[in-house]
Amino acid sequence: MASDASPLRPPPRWRRWRADQQSEGYLFLLPSLAGFLLFVLIPVVAALVLSLYEWSLLSPGEYVGLTNYLNLFRRDPTFFKALGNTLYFTVTIVPLQLAAGLAVALALNQAIKGLAIYRLIYFMPVVTTIVAGALVFQWIFNKDFGILSAVIWRINELTGIPVQPPDWLTDPAWARPAVVILTLWKNVGFTMVIYLAGLQAIPVELYDAAEVDGATSWRRLLYITLPMISPTTFFLMVIQMIGAFQLFDEAFVMTRGGPAQATTTIVYYVYVNAFEYRRFGMASTVAWVLFAFIFAFTFLQNRLQHRWVHYETDDGR
Amino acid sequence: MAAEPSPAGNTGLTRQARTRLGHTVLHAALLVGTFFMVMPFLWMLSTSLKMPKEIFRYPPLWIPTEFAWSNYRDTLTALPFDRFYLNSAIVSVSSTLIQVLAAALAAFAFARLRFKGRNPLFLLYLATLMIPFQVTMIPNFILISRVLDWYNTYQALIFPTSFSAFSVFLLRQFFAGLPMELDEAARMDGASTLRIWWQVILPLSGPALAALSIFSFLGSWNSFLWPLVVTASNEMRTIPVGLSAFQGEHNTAWNLLMAGSVIALVPVLAVYMVGQNWFQRGITLSGMGGR
C-alpha cells in the first residue's frame, strides 16, 4: 500500500494521522481535563494545603503547620469516636451486605418462578432516594409508635414475656444497629445484581462434572461456586468497604450523628467541622485522614487477595 | 439447592419432588426477604394517608379508616415540590450529559489516539479514583462560594460533580476493546477523527454509554451531601435536600413527611419499574467496569 504514494503528491489523509493526533489528542481531552483539573486535581492538592491552616472563611486563614493533625490524634475524643463508629459500620455492614447479597443471588440463580418480580423488589431500594429511606426507617424505629415497637408489645401481650422495645434512635447502643439495618435494606439489591452477574459467568460444565462425581449441592457451593465468584466477592468487598467508610446520608437524616455521637462517622465529622464549626482547615485534615484510611485498607486488601481470590487466568483481571 | 443423587441419608423422595421441596423452601426464604424490602414502602404509603390521630395509636393500623388525601395537598402547599423536581431534573440531566460527553471524548483520546503525555495523564486520572469525594468537597465549596461566586446556583450543583475519573476510565476500557482496524478503515475512507468518534466508536458503544448514563443519572438524582452544602433556599434545592429540610421543620408530622417521601419516590420508582433491566444492567456494568 505504501508503494503507490508518489513523492510528488502529499500523502493520503489516512497516513498523516499520527502527526495530526498530537493536537487532536489534546483537543479531545480538553473538556474533561479542564473540569478534572479545576474540580478534582487542584482541590485534592488544595485540601492538603488547607489542612495546614486554620480558616473560618470569614477572617484570613492562619498557617498552623501540622497542628490540626496533632490535635486530631492527641486531644480530639470526637475524632476517635467517629473513627470507632466508622470501623464499627465497616466491620458490620461489609460482611452482612456480602452474605445477604450472595444468599439472595444464589436463590435467584435457580430456575424458580417469579424471578423477575423478586429481582425487581430486591433492587427497588437501590434506586430509592436515601433521604426518603432514612425518613421511613426513622419512623419504623420510633420508640412509642414505630411498627417494630408495636410488634414487640404484641409479643409481650401474647406471651407475657416482659420484653421492652429498644429505644432504637435515642439509645446509643441501638442507634448504630439501626443505621446498619437501613444500609442493608438500601444496598442489598446492589450486591445481589453484581453477584448474579458473577454467578451467571460460571461455566455450567463445572457443575455437570461435579454432579457426575456425586458432589452434594453443599460441596458444589463450597468448592465451585465460592472460589469461582471470589473475584466478585473481592470487588464487592473493596467497594462496600469504601462505601462504609464514607457513610454520611443515613446518619445525617436518621440520627444527626447522635445519640451521644453514636452515629457520628468520619464524613459526618468532616461535615460538622466545616459547616457547623466553620473549621475548614480541620475539616480538610479529617478528610485527608479518611483518604489515608481508605488507601491503607484498599492496599491491604489488595495485598491479601492472592490468599483467597481465585482467578481463572494467570494475569488476573 | 437443586436436587442431586446424593449417596446417604436421603428419604425416598424422587428427584423432582426434592426439587419442588427445595423451591418451596427457597420461596419461603425469598418471601421473608421480600417482606423486609417492601414493608418500609407500604408503611410509608400507609402513614402518608393517615389522619394525625391514627398515626399515634396502638396497635398500628396498616389501612387507615379514612384516607386522608389532604396530607398530599398539605405537603404540596408546604413545600414547592414542583420546583424540587425541576431542579433535580435540570441538575441530573445536565450533569449526566456533561459527564458522558466529556468522558467519551477523553476516553477516545486515551484509547485510540497517540499524543505526548498520554500515559502519564491517564495515570493521573487513575490515581484519583480512590480519593473520596469528601476530600475535594471543602476546596470545591470554597471555589464555588468565594472564587466563582456560584453559591446556591445550578452551576454549583452541576459542574463540580460532572468530571469523575471513573467515567473516563470506564469508557476507555470499553473503547480500547474495539478493534483498531475500524479507525484505520474509516481514515482510509477519509473520515476525520471527530467523525470516527461520532460515527464509528460511539454507535458501537451503546451498552457502555447507556450504563454510564444510568449510573451518573441515578447518582446525581439521589446525591445528597453536595447539594446540601451548596444550596441555601428552596428555589435551588433538589428533591433529597428539600425533603431533608422539610424534616427539620416538621419532625413529628409523620403523615406529611411520609407523603413527601412518596411524592419524592413515585416517579423514580415508576421509571424503574418500566426499565428495571436497564437499571440493573447499567449498575452491574458500571460497577464491574470500575476498579
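Leaving aside neighbours within four places in sequence, Phe141(B) touches Val229(B) and Val230(B), and this residue is a convenient way into a predicted model of two chains. Phe141(B) belongs to helix H6 of chain B, and it counts as buried because 22 C-beta atoms lie inside 10 Å of its own, where 20 or more are required. By contrast with those contacts, Phe122(B) is 19 residues away from Phe141(B) in sequence, and the C-alpha atoms of the two are 26 Å apart in space.

**Confidence in the model**

- For the model as a whole, the scores are an ipTM of 0.88 and a pTM of 0.89.
- Chain A has a mean pLDDT of 88, with 91% of its residues at 70 or more, but over residues 1–6 of chain A the pLDDT is below 50, and that stretch has 2 contacts beyond near neighbours in sequence.
- Chain B also averages a pLDDT of 88, and 94% of its residues score at least 70.
- In chain B, the pLDDT stays under 50 over residues 1–9, although the model has 18 contacts for this stretch beyond four places in sequence.
- Among the elements of chain B, the lowest mean pLDDT, 75, is that of helix H15 (residues 276–289), while H7(B) has the highest, 96.

**Overall form of chain A**

- Chain A is built with 13 helices and 2 strands, and its C-alpha atoms fill a box of roughly 100 × 75 × 35 Å along the principal axes.
- The radius of gyration of chain A is 27 Å, whereas a compact globule of 317 residues would have a value near 20 Å.
- Of the 317 residues in chain A, 40% are buried.
- When contacts in chain A with a separation of 6 or more are considered, 70% of them are between residues 24 or more positions apart.

**Overall form of chain B**

- Chain B has 15 helices and 0 strands, and along its principal axes the C-alpha trace spans about 75 × 70 × 35 Å.
- For a compact globule of 291 residues the radius of gyration would be near 19 Å, but for chain B it is 25 Å.
- Buried residues account for 43% of the 291 residues in chain B.
- Contacts in chain B that join residues at least 24 apart make up 72% of those between residues at least 6 apart in sequence.

**Where the chains meet**

- The contact between the chains involves 86 residues of chain B and 83 residues of chain A.
- Helix H1 (residues 15–48) of chain B gives the most to the side of chain B that touches chain A, contributing 14 residues.
- Sorted by class, that side of chain B consists of 58 nonpolar, 21 polar and 7 charged residues.

**The largest nonpolar core**

- The largest nonpolar core contains 162 residues, and those with the most contacts inside it come from both chains, including Val286(A) and Ala287(A) as well as Ala107(B), Phe108(B) and Leu171(B).
- Helix H4 (residues 81–112) of chain B provides the largest share of this core, with 14 residues.
- Beyond its neighbours within four places in sequence, Leu171(B) is in contact with Ala103(B), Ala104(B), Ala107(B), Ala208(B) and Leu212(B).

**A helix and some backbone details**

- Helix H6 (residues 147–159) of chain A has 13 residues, so at 1.5 Å a residue it should span 18 Å, and this agrees with the 18 Å between its end C-alpha atoms.
- After H6(A) comes Gly160(A), whose phi is positive, near 80°.
- Pro259(A) lies in the loop between helix H11 (249–255) and helix H12 (266–275) of chain A, and the peptide bond that joins Gly258(A) to Pro259(A) is cis, with omega about -10°.
- Arg256(A) is likewise found in the loop between H11 and H12 of chain A, and its phi, near 50°, is a positive value in a residue other than glycine.
- Arg256(A) counts as partly exposed because it has 14 C-beta neighbours inside 10 Å, which falls between the limits of 12 or fewer for exposed and 20 or more for buried.
- Asp149(B), in the loop between helix H6 (133–147) and helix H7 (154–158) of chain B, has a positive phi near 60° although it is a residue other than glycine.
- With 10 other C-beta atoms within 10 Å, Asp149(B) is exposed.

How values were computed:
Residues are numbered from 1 along each chain as its sequence is written. Chains are lettered from A and ligands numbered from 1 in the order in which they are written. This is a predicted model: local features need pLDDT of at least 70, side-chain atom pairs count only at pLDDT 80 or more; totals for chains, interfaces and linings use all residues. Two residues are in contact if their C-beta atoms, placed from the backbone, lie within 7 Å. Helices (H or I, at least four residues) and strands (E, at least two) are DSSP runs, numbered from the N terminus. Ala, Val, Leu, Ile, Met, Phe, Trp, Tyr, Cys and Pro count as nonpolar, Asp, Glu, Lys and Arg as charged, and the others, Gly among them, as polar. The radius of gyration is taken over C-alpha atoms; the globule rule is 2.2 Å times the number of residues to the power 0.38. The expected span of a helix is 1.5 Å times one less than its number of residues. pLDDT is the predictor's confidence in each residue, from 0 to 100. A nonpolar core is a set of buried Ala, Val, Leu, Ile, Met, Phe, Trp, Tyr and Cys residues joined through C-beta atoms within 7 Å.
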